[in-house]
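Hi,

Here is the structure I promised to pass on to you. Please have a look at it first, and then read on for my notes.

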Amino acid sequence: MSTPPPERVAVKTYVSAFSRESALSAIKLELKRGGQVFYVVPRIKAIDDVLQFLKDSLPDVPMAIAHGKKVSKNIQLAMEKFSCGEIKILVCTHIIESGIDIPNANTMIVQYAELFGLAQLYQLRGRVGRSGREGFTYLFYTDKSLLSRIAMDRLGAIEEHSDLGQGFHVAEKDMGIRGFGSMFGEQQSGDVANVGIDLFFDMLFDSLSKVDHFRLKPIPYKDVQLDINISPHLSSEYISYLENPVELLNEAAKAAEQDIWNLMQFTEDLRRQYGKEPRDMELLLKKLYVRRMAADLGISRIYPSGKMIIMKTNMNRKVFRLMEETMASETHRNSLSFTGKEIKDNAGHGLHAHWFCSHPCSTPT
């Protein structure tokens, strides 16, 4: 996995505060050697300002834009022109982070780099330097004094791991920054940072070696029945704030149906683009998380019965005991009981309310 293609040259990565002069200097250097440039921003609404700045500064250079809201035919036309060299600068969102191979495009400008995830930055950087020519990626952040610790760690990691074949190390670093967590516990991130990535994997593999017969039996997402009387309604203000609310909700549902990781990535992208979601949107996401996790755990139905929450499941008692031991809260452990094919939460706050309060959706990313 760490062996790069023949003749591939490592992409030089620079991280600094944004300035128009620095961006233009990088673009002119690439154009001077006959190459092309990706100019990437995290949000569609930033494209117009960037395009105007570039047109004012480089009026004779042909440019185009590409983002997910454009008509697919227009995107295809822009990409075809960029691929054949008619377009010299492509202003776009991270829509180009995968599946793009244009050997002559070897400089990438990423503005507002602090708003991208580490995996996204790594994927984006992989779009340049795809031939024998050296590639350059410039990651510009807005203001260092406003950067969060996590954003600084991400930018530092992508700058540090700039050699070829560094994908695993970047993923490992991302894991350390974001942290794993206990699916059933109160703490949902940071455990990796506390024990160290090597020790964490040693502990994980040691545990897995002992539980070969402790197997969950996931069920299809669509087969999970969630009978919880919570029907959040998004406010008109938030709906008007979203660029395409119907499409966004459909994307959320599709992500949940795929797997938990896609749902977590959707949540991260949503917050990166629109900020922290209001309460109603949070509840909507939490219902998706609970249903997704229920499917992965083999829980076919969740419903209230008096003051209890009952979960119908296909798991056996050994698996239940194993998962029960991973719960950090003794109160939550004591409230759960396993009878036949049902898990009962006698305090009414186990998988239902407890997960609603502590799953990955509700922790800052």
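**Helix α1 against helix α2**

Helix α1 (residues 20-32) packs with helix α2 (residues 47-57) at an angle of about 65°, and their axes are 12 Å apart. That makes α1 roughly perpendicular to α2, given that 65 to 115 degrees counts as roughly perpendicular. The hand of this crossing is right-handed. On the α1 side the contact uses R20, L24 and I27, which meet F53, L54 and S57 of α2. Sorted by class, the residues of this contact are 4 nonpolar, 1 polar and 1 charged.

Please keep in mind throughout that this is a predicted model.

**The chain as a whole**

To step back for a moment, the chain has 15 helices and 11 strands. It holds 365 residues, and 44% of them are buried. Taking the contacts between residues at least 6 apart in sequence, 73% join residues at least 24 apart. The accessible surface of the chain is about 18600 Å², and carbon and sulfur atoms account for 53% of that surface.

**Helix α12 and its partners α10 and α11**

Next, have a look at α12, which packs with α11 and also makes a contact with α10.

Helix α11 (residues 260-274) and helix α12 (residues 279-297) pack at about 165°, and their axes lie 10 Å apart. That makes α11 roughly antiparallel to α12, as angles over 145 degrees are put in that class. The crossing of α11 with α12 is left-handed. From α11, the residues I260, L263, M264, F266, T267 and L270 take part, and they meet M281, L285, L288, Y289, R292, M293 and D296 of α12. This contact divides into 10 nonpolar, 1 polar and 2 charged residues.

What about the other partner? The axes of helix α10 (residues 245-258) and α12 come within 9 Å and cross at roughly 20°. The two helices are therefore roughly parallel to each other, since angles under 35 degrees count as such. The crossing of α10 and α12 is right-handed. The contact is made by L249, A252, A253, A256, E257 and Q258 on α10, together with M281, L284, L288 and R292 on α12. By class, there are 7 nonpolar, 1 polar and 2 charged residues in it.

If you compare the two lists for α12, you will find M281, L288 and R292 in the contact with α11 and again in the contact with α10.

**From V50 to strand β5 and the loop after it**

Back in helix α2, you will find V50. Is V50 buried or exposed? V50 is buried, with a relative accessible area of 5%. Not counting residues up to four places away in sequence, V50 touches Y39, V41, V91 and Q111. Of these contacts, Q111 is worth a click: V50 and Q111 are 61 residues apart in sequence, while their C-alpha atoms are 9.3 Å apart in space.

Strand β5 (residues 105-111) is also where N106 lies. The relative accessible area of N106 is 0%, so this residue is buried. What surrounds N106, leaving aside its neighbours within four places in sequence? N106 is in contact with E30, R33 and Q36, with V128, G129, R130 and S131, and with R133, E134, G135 and F136.

In the loop between β5 and α4 (118-125) you will come to Y112. The phi of Y112 is near 60°, a positive value in a residue other than glycine. Most residues other than glycine have a negative phi. Y112 is partly exposed, with a relative accessible area of 28%.

**T313 in strand β9**

One last residue to look up is T313, in strand β9 (residues 308-313). T313 counts as buried, at 6% relative accessibility, because the limit for buried is under 20%. Setting aside neighbours within four places in sequence, T313 is in contact with L297, G298 and I299, and also with F338, K341, E342 and I343. T313 and I219 are 94 residues apart in sequence, and from C-alpha to C-alpha they are 9.7 Å apart in space.

Happy browsing, and do write back with any questions.

Best wishes

Definitions and conventions. Residues are numbered from 1 along each chain as its sequence is written. This is a predicted model: local features need pLDDT of at least 70, side-chain atom pairs count only at pLDDT 80 or more; totals for chains, interfaces and linings use all residues. Side-chain values use heavy atoms; hydrogens and water are left out. Axes are lines fitted to C-alpha atoms, for helices over the stretch in contact, and angles run from 0 to 180 degrees between N-to-C directions. Helices (H or I, at least four residues) and strands (E, at least two) are DSSP runs, numbered from the N terminus. A crossing is left-handed if the near helix is turned anticlockwise from the far one by less than a right angle, and right-handed if clockwise. Contact means heavy atoms within 4.5 Å. Ala, Val, Leu, Ile, Met, Phe, Trp, Tyr, Cys and Pro count as nonpolar, Asp, Glu, Lys and Arg as charged, and the others, Gly among them, as polar. Buried means under 20% relative accessible area, exposed over 50%, partly exposed in between (1.4 Å probe, protein chains only). Accessible areas come from the Shrake-Rupley method with a 1.4 Å probe; for residues, only the protein chains shown count as cover.
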